[in-house]
Amino acid sequence: MTKRKGGYADTGRYVGYAAPWYSYRSEIDFVEYCTPAHYNEFNPNHIYYDRICIDEDLSNGGITRLGDWAFYRATCDTLVLPSQLTEIGRWCVRYSPVLRTLVMDNLITILEDHAISRMENMNHLILSNAVKSVAFYGLAQNPRLRRVELLALTHIEESAIYGCNCLDTIVLGDGIDNIPNFNFVITPYVRHLHIPNGVTYVGV
């Protein structure tokens, strides 16, 4: 791992709900968690990193999988995932209200349930062009995200991009033929929406 201002990447699976940034005490409402008072309460050591970047050791294959919850509530401005990464778990990057930039220019093909969701301030997402499937809430509730391109997409589940209410561009790949319910709900600012000719069903 590469330390950046004291930070490092945790790749453990669940790790007792405890990543390096601080100890988890309980689940609380997302809106409350995003206020400074609650954020400080649940980050008692006031840990914050400008950038967390995982070293790429290509000679040994490097890290190819991040487990469930690996960056749940990560307190960093920028998170860079390695290019050889092929899989990220459920709830992998979630509930991280200070995260603004997520770089995932890698080999990931599937975004599991809640994989990248509920980042109150994330406005820059560099997403792998290899993503073929986005599960339930896989990219949901990122209210400042402005652009989503899924050029290799062949499967998307209900509510996968629900609640990204600042999106102005949504581009879906030609391999998809079914868009289930609640994917375009709360997206009032969309100016560019590309739906392939092969799509036979678009949900409500």
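1. pLDDT is the predictor's confidence in each residue, from 0 to 100, and that's the place to start, since this is a predicted model. The chain has a mean pLDDT of 78, with 74% of its residues at 70 or more.

2. Look at the N terminus with some care. Over residues 1–33 the pLDDT stays under 50, though the model still has 88 contacts beyond four places in sequence for that stretch. Helix α1 (residues 30–33) comes out with the lowest mean pLDDT of the chain's elements, at 44. At the other end of the scale is strand β10 (residues 133–134), whose mean of 96 is the highest among the elements.

3. Now the overall make-up. The chain contains 16 strands and two helices. It has 204 residues, 49% of which count as buried. If you take the contacts between residues at least 6 apart in sequence, 33% of them join residues at least 24 apart. As for the surface, about 9,500 Å² is exposed, and 49% of that comes from carbon and sulfur atoms.

4. Strand β13 (residues 169–172) is a good one to click on. Which of its residues are buried? Thr169 and Val171 on one side, and Ile170 and Leu172 on the other, are all buried, so both faces of the strand are covered (buried here means under 20% relative accessible area).

5. The neighbours of β13 in the pairing are worth tracing too. Strand β11 (residues 147–150) runs parallel to β13, and four bridges join the two. Within that pairing, Leu172 of β13 has Leu150 standing opposite. β13 also runs parallel to strand β15 (residues 192–194), this time with three bridges. There, Thr169 has His192 of β15 as its bridge partner. Put together with the previous point, Leu172 and Thr169 are both buried residues that also take part in these pairings: Leu172 opposite Leu150, Thr169 with His192.

6. Last, the pockets. The largest one has a volume of about 220 Å³. It is lined by 13 residues, and those closest to its centre are Leu125, Ile126, Leu127, Arg147 and Glu149. Which strand gives the most to this lining? That's β9, with four residues. β9 (124–127) and β11 each supply at least two of the lining residues. So β11 turns up twice in this note: as a parallel partner of β13, and as a contributor to the lining of the largest pocket.

Technical notes
Residues numbered from 1 in each chain as written. Predicted model: local features only at pLDDT ≥ 70, side-chain atom pairs only at ≥ 80, totals over all residues. Heavy atoms only, no water. Contact = heavy atoms within 4.5 Å. Buried < 20%, exposed > 50% of the residue type's maximum accessible area, 1.4 Å probe, protein only. Pairing = 2+ DSSP bridges. Areas by Shrake-Rupley, 256 points an atom, 1.4 Å probe, with all protein chains shown as cover. 1 Å grid on protein atoms, 1.4 Å probe; cavity = no way out; pocket = protein on both sides within 12 Å on 5 of 7 lines; lining within 4 Å. Points joined across faces, edges and corners; volume = space filled by probe spheres on them.
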